[in-house]
2 protein chains.
Amino acid sequence: MVDRDDVLTAAQRALNADPAASMTAVAEAAGISRATLHRHVDSREALLVELGTRSLDQWEQRLDDVDVEALAASDDADRIRAALEELVLGYVDDSDVFGFALTDQVILANAALEARTQVLADREAVLFAAAQSVGVLRTDLPARWFGHAIYGLLVSGRDAVRLGDVARRDLGRLVLSSLLTGIATP
Amino acid sequence: MVDRDDVLTAAQRALNADPAASMTAVAEAAGISRATLHRHVDSREALLVELGTRSLDQWEQRLDDVDVEALAASDDADRIRAALEELVLGYVDDSDVFGFALTDQVILANAALEARTQVLADREAVLFAAAQSVGVLRTDLPARWFGHAIYGLLVSGRDAVRLGDVARRDLGRLVLSSLLTGIATP
DNA sequence: CTCACATGCGACAAGGATGTCTCAATAGGA
DNA sequence: TCCTATTGAGACATCCTTGTCGCATGTGAG
């Protein structure tokens, strides 16, 4: 028997491989018929939205895990820096599974998801701002920019691995060190 | 009268605004009828491929402008660094117009465009490698990674501007400085 | 064994986009 | 002015995808 969660996971995998995959392709990937797929999910858009929600859940979980709010109030530069690294490395791992959601037009165009994205970005931005004030992150860049920069490097990291330019196991280090210290010689 | 070039430019604009724009929408944006649009372009895919080609032309032009090959052979660290900056700032400008091509599935899935992308990425990688050997770029990162990192920051930069988190005029500086020196405090 | 329930399969209608065609209007040059 | 080439508008067939439905199958619990 195929669990609803199995279906969503399979759909995730299928859409990760081909972001334009049709419901037929998704159903095949899940090893069920299209009719059964529709017994689990109302529509293609609903599926995408649900997967988008899943990815936001995961994002939120990462933020909870490092306890963003407490951290932001802590003034502990070392812990903040460590948390930032942990966060980014976590995102890199997540991008393996949720990467397609980063650039999917249906997900990006959904108002509810966009609103929740804003909320999470706000939470994150609080941490960034705290990191700025304790001297971990540069103060000459807007706090809101950091999240975007991370996002971009996740997209490029995915791409680099897909094209074989970078080994998957090196990705975390590459993204993190490019992000924090840049690609130029110090 | 509407020039073929006008049509492509308008299509660019329309697809930039909405990457999923239909041929009807593109035609409207160009101020012509759908039939006339098809007199200029065989199919939607052909249109996308042509616009993708255009963006690669522009990329190639940027590489020509800085004379990548000569530069890579020059061993002049200052000039290489300056060229890198010029290149990236140029890309940021181009992303205004060609940004949608960065993530469009039709364009990305096209074999011919992907092949040419590889060629251009190779040219660029030569410059990156030279930059590494003269001490401008870090040697502990793969030369092929740099191009991806730039790509990612272009995507995020576009996004940041679209969401209003970053002013368009600040974008070049943000991207360039995040890329080169990272977001962490030195 | 039997029954209920989930599934696969096939068929179906609907919707949307694409590409083609024809015909009338129009603009621009001879 | 007249002729020609281009355009717009609309109609059309086609294709693909989506979502729904009915029916037969099979499996698992009791």
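**A tour from Gln132(A) to the DNA and the two copies**

Select Gln132(A) and show what surrounds it: apart from neighbours within four places in sequence, this residue contacts Leu137(A), Arg138(A), Thr139(A), Leu141(A), Pro142(A), Ala143(A) and Phe146(A). The model is a predicted one.

Colour helix H8 of chain A, residues 111-133, and you will find Gln132(A) within that helix. Is Gln132(A) buried or exposed? Its relative accessible area is 13%, and buried means under 20%, so Gln132(A) counts as buried. Now display the side chain of Gln132(A) and the backbone of Arg138(A): the side chain reaches the backbone oxygen of Arg138(A) at 2.8 Å. Arg138(A) is also one of the contact residues listed at the start.

Next, select DNA strand C and the residues around it. There are 18 of these, and Thr36(A), Met23(B), Arg34(B), Ser43(B) and Arg44(B) come nearest. Colour the surface near the strand by residue type: six residues are nonpolar, six are polar and six are charged. On the DNA side, take the atoms of strand C within 4 Å of the protein; 47% of them belong to sugar or phosphate, and the rest belong to bases.

Which backbone atoms lie by a phosphate oxygen of DNA strand C? Show the protein backbone here. In chain B, a polar backbone atom of Met23(B) is 3.0 Å from a phosphate oxygen of the strand, and a backbone N or O atom of Arg44(B) also lies 3.0 Å from a phosphate oxygen. In chain A, a backbone N or O atom of Gly31(A) lies 3.5 Å from a phosphate oxygen of strand C. Helix H3 (34-40) of chain A and helix H3 (34-40) of chain B are the elements that give two or more residues to this surface.

Stay with Met23(B) and select helix H2 of chain B, residues 23-30. Its buried residues are Met23(B), Val26(B), Ala27(B) and Ala30(B). Look down the axis of H2(B): these buried residues fall within an arc of 100 degrees, so they line one face of the helix. They pack against helix H1 (4-17), H3 and helix H4 (44-65) of chain B. Just after H2(B), pick Gly31(B), where phi is positive, at about 75 degrees.

Finally, show both protein chains and superpose them. A turn of 180 degrees with a shift of 0.1 Å along the axis lays chain B on chain A with an RMSD of 0.1 Å. The two copies are therefore related as by a two-fold rotation axis. The same surface serves both copies, with 100% of the contact residues of chain B recurring in chain A.

Note on methods:
Residues numbered from 1 in each chain as written. Chains lettered and ligands numbered in written order. Predicted model: local features only at pLDDT ≥ 70, side-chain atom pairs only at ≥ 80, totals over all residues. Heavy atoms only, no water. Helix = DSSP H or I, 4+ residues; strand = E, 2+ residues; numbered from the N terminus. Buried < 20%, exposed > 50% of the residue type's maximum accessible area, 1.4 Å probe, protein only. Polar contact = N/O pair within 3.5 Å; in protein donor to acceptor, adjacent residues only side chain to side chain. Contact = heavy atoms within 4.5 Å. Near = heavy atom within 4 Å. Nonpolar A, V, L, I, M, F, W, Y, C, P; charged D, E, K, R; others polar. Arc of directions from axis to C-beta. Least-squares fit on C-alpha atoms with pLDDT ≥ 70 in both.
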